[in-house]
Every structure is written in structure tokens, then in C-alpha cells.
Amino acid sequence: MKKLLILAVIATTIFACGTPKTVQESRKVIKGYWSLDNISYDSSGTFNVTLFNDTSVECMEGSSWRFIPNNNTGNYTINNSNCPTGERNFIFTIQEIDPASGLYDFLLKPTNAKGKSETNAGYRLRLAQLGESSMRWEQTVSLDGKPFKINMNFSKIQE
């Protein structure tokens with residue numbers, strides 16, 4: 001009987017320390033197809049920004065994204081014919097920062113079609129807003145030694 005009780009306590013402890021509820025809910029909401037509608041900055045001016053070491057903001061706007069949370073993979077397709085078009089693959093993780101505020105980070109790592117990263121480089125973004133039909137990422141980088149925020153606004157196309 002003692003052994004059974006100890007096993008029950010261990011099992012409860014293991015399952016209680018799993019994925020936070022807000023992250024589980026976020027995975028359900030993010031699942032599906034999204035459009036990256038627009039990208040803006042917290043500063044005015046003209047900037048030459050390359051996102052995810054891939055392509056320009058102008059090329060990234062209007063791209064189609066797919067998130068598959070059961071294996072943390074996805075892809076995006078550049079649709080602008082004036083840009084290097086085609087599908088890009090990535091793996092992602094949603095990581096809770098502060099359970100009290102519900103803030104979480106979004107980690108994105110570009111990969112090849114087989115899910116392998118050639119450079120092992122990844123990107124940390126703040127998942128600033130996630131709803132049934134819209135999502136906003138914020139990435140803070142350094143520009144002339146000062147923080148520079150890039151806002152990426154998505155709308156859901158379908159699940």
C-alpha cells in the first residue's frame with residue numbers, strides 16, 4: 001500500500017510540472033494558417049530590415065504561415081513575385097515567461113524540409129497578442145545601440 005501511495009505522489013508531481021495551461025491553450029489557438037499582414041516599427045524613418053536572416057520586410061508582408069503545434073513545426077511561404085518566393089520551414093516553441101501576466105515568448109528556428117537547422121540560429125520574439133483571429137509578435141533588436149522594436153501583425157486564414 002505504501003508503494004502504491006508513493007507511486008501516486010510521484011506520478012502527480014510529474015504530471016503537475018508539465019506544460020503550463022496558457023501554453024497549452026496558445027498551441028490550440030495558433031494551430032492553422034495565418035497571413036502576416038503588416039510589419040511596423042516603434043520608430044519613424046526608413047529602415048533596411050531583414051527578418052529571420054531570410055528576406056526583407058517588404059517580401060515578408062503578405063506571406064502565408066502554417067503552425068502545426070502537435071510537433072512544433074511549421075512553414076511560411078513568400079508570395080511576393082518580386083522576391084525570392086517559396087516555402088521555408090521552421091520549428092517553434094511557446095515559452096511562458098510570467099504566469100501572473102500571461103506573457104510568453106515565441107522561439108522560432110529556421111530549418112530545412114527535414115526539420116534540421118543548418119546554422120542552429122533561432123529567434124526569440126515576444127508573443128504580445130494571440131486571439132482566435134489575430135496575433136502580434138514583437139522582436140526587439142539593437143539599432144545604433146538603442147532598442148528597436150519590430151511588430152509583426154498576423155490574421156488567421158483558417159484552422
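Two strands count as paired if DSSP finds at least two bridges between them. With that in hand, we can look at this predicted model and start with one such pair.

**A hairpin to begin with**

Strand β8 covers residues 123-130, strand β9 covers residues 134-143, and the two pair in the antiparallel sense over four bridges. If you want a spot to click on, try leucine 127, which stands opposite tryptophan 137 in β9. Follow the chain from β8 to β9 and you'll pass three residues between them, so together the strands form a hairpin.

**Stepping back**

Now zoom out. The protein has three helices and 10 strands. Going along the sequence, their order is α-α-β-β-β-α-β-β-β-β-β-β-β. Of the 159 residues in the protein, 31% are buried. The accessible surface comes to about 9,800 Å², and carbon and sulfur atoms hold 51% of that. What about contacts between residues at least 6 apart in sequence? Of these, 42% join residues at least 24 apart.

**What β1 pairs with**

Strand β1 (residues 32-41) is a good one to trace, and here are two of its pairings. Four bridges join β1 to β4, and these strands run antiparallel. Tyrosine 33 has arginine 66 in β4 as its bridge partner. β1 also pairs in the antiparallel sense with strand β10 (residues 146-158), this time over eight bridges. There, the bridge partner of asparagine 38 is asparagine 153 in β10.

**Three asparagines in loops**

Next, pick out three asparagines and see how much of each is open to the outside.

| Residue | Loop | Relative accessible area |
|---|---|---|
| Asparagine 53 | between β2 (50-51) and β3 (55-56) | 67%, exposed |
| Asparagine 71 | between β4 (64-68) and β5 (73-78) | 45%, partly exposed |
| Asparagine 120 | between β7 and β8 | 55%, exposed |

Why does asparagine 71 count as partly exposed? Its relative accessibility is 45%, and a residue has to be over 50% to be called exposed and under 20% to be called buried, so asparagine 71 falls in between.

Backbone angles are worth a look here too. Asparagine 53 has a positive phi of about 55° although it is not a glycine. Asparagine 120 has a positive phi as well, near 60°, and is also a residue other than glycine. As for asparagine 71, try finding phenylalanine 92: the two are 21 residues apart in sequence, and their C-alpha atoms are 9.1 Å apart in space.

**The largest pocket**

Finally, hunt for the largest pocket, which holds about 220 Å³ of space. Its lining includes Phe52, Asn53 and Asp54, along with Pro110, Thr111 and Asn112. Lys116, Ser117, Glu118, Thr119, Ala121 and Tyr123 line the pocket too. Sorted by class, the lining has four nonpolar, five polar and three charged residues.

One of those lining residues, threonine 111, deserves a closer look. Threonine 111 is found in strand β7 (residues 103-111). Is threonine 111 buried or exposed? It counts as buried, because its relative accessibility is 14% and the cut-off for buried is under 20%. Leaving out residues up to four places away in sequence, threonine 111 touches Asn89, Phe90, Ile91, Lys116 and Ser117. Two of these names should ring a bell: Lys116 and Ser117 also line the largest pocket.

Notes. Residues are numbered from 1 along each chain as its sequence is written. This is a predicted model: local features need pLDDT of at least 70, side-chain atom pairs count only at pLDDT 80 or more; totals for chains, interfaces and linings use all residues. Side-chain values use heavy atoms; hydrogens and water are left out. On a 1 Å grid over the protein atoms alone, a cavity is a set of points where a 1.4 Å probe fits but cannot get out, and a pocket is an open set with protein on both sides within 12 Å along at least five of seven lines; lining residues have an atom within 4 Å of a point. Grid points are joined across faces, edges and corners, and a volume is the space filled by probe spheres set on the points. Ala, Val, Leu, Ile, Met, Phe, Trp, Tyr, Cys and Pro count as nonpolar, Asp, Glu, Lys and Arg as charged, and the others, Gly among them, as polar. Buried means under 20% relative accessible area, exposed over 50%, partly exposed in between (1.4 Å probe, protein chains only). Contact means heavy atoms within 4.5 Å. Accessible areas come from the Shrake-Rupley method with a 1.4 Å probe; for residues, only the protein chains shown count as cover.
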